[in-house]
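I opened this model to look up two things, the sheet with its helices and the enclosed space, and I noted what I found as I went.

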Amino acid sequence: MQENPPPATDELRIETVIAALDHPVRMRVVRTLAALGEDETLTCQEILPDMTKSSASHHWRTLRESGVIEQRRDGRVLRTRLRRVDLDARFPGLVAAVVAG
């Protein structure tokens, strides 16, 4: 079961997604996840090893609530993946532009 489900694809809003991407840490997260395969995930610690949990939690929440990422619990850790297929379906070219940026 997924913890903190993101919005459905048809509920994604460009304003919310762009606002979520308006921070260097969150851009780093998206670029890191974009380099993975479609179904690959990383833990929060693998993505942001240099950041404390309290500092990173705000960034995770912003990305999750905007629909950019989804997270699922795997034991004691959260596995994170970029919702690239959903984002590409709703906003074609957006992820590619962010990664190339």
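My entries follow, beginning with how the model is to be read.

I am working from a predicted model, in which local features need pLDDT of at least 70, side-chain atom pairs count only at pLDDT 80 or more, and totals for chains, interfaces and linings use all residues. Residues are numbered from 1 along each chain as its sequence is written, and side-chain values use heavy atoms, with hydrogens and water left out.

I looked up the sheet and found three strands (DSSP E runs of at least two residues, numbered from the N terminus) in an open sheet of order 1-3-2 with antiparallel pairing, where a pair needs at least two DSSP bridges. Strand 1 (42-43) and strand 2 (69-74) are at the edges with a single partner strand each, so one side of each has no neighbour in the sheet. Strand 1 is joined to strand 3 (residues 77-82) by two bridges, and I noted R79 in strand 3 as the bridge partner of T43.

Next I checked the helices (H or I runs of at least four residues). Helix 4 (residues 53-66) packs on the sheet and touches strand 2 and strand 3, contact meaning heavy atoms within 4.5 Å.

Lastly I searched for cavities, meaning sets of points on a 1 Å grid over the protein atoms alone where a 1.4 Å probe fits but cannot get out. I found one of 30 Å³ or more, lined (an atom within 4 Å of a point) by V17, L21, V30, V68, L87, L94, V95 and V98. Helix 6 (residues 94-100) gives the most to this lining, with three residues.

Definitions and conventions: Axes fitted to C-alpha atoms, helices over the stretch in contact; angles between N-to-C directions. 1 Å grid on protein atoms, 1.4 Å probe; cavity = no way out; pocket = protein on both sides within 12 Å on 5 of 7 lines; lining within 4 Å. Points joined across faces, edges and corners; volume = space filled by probe spheres on them.
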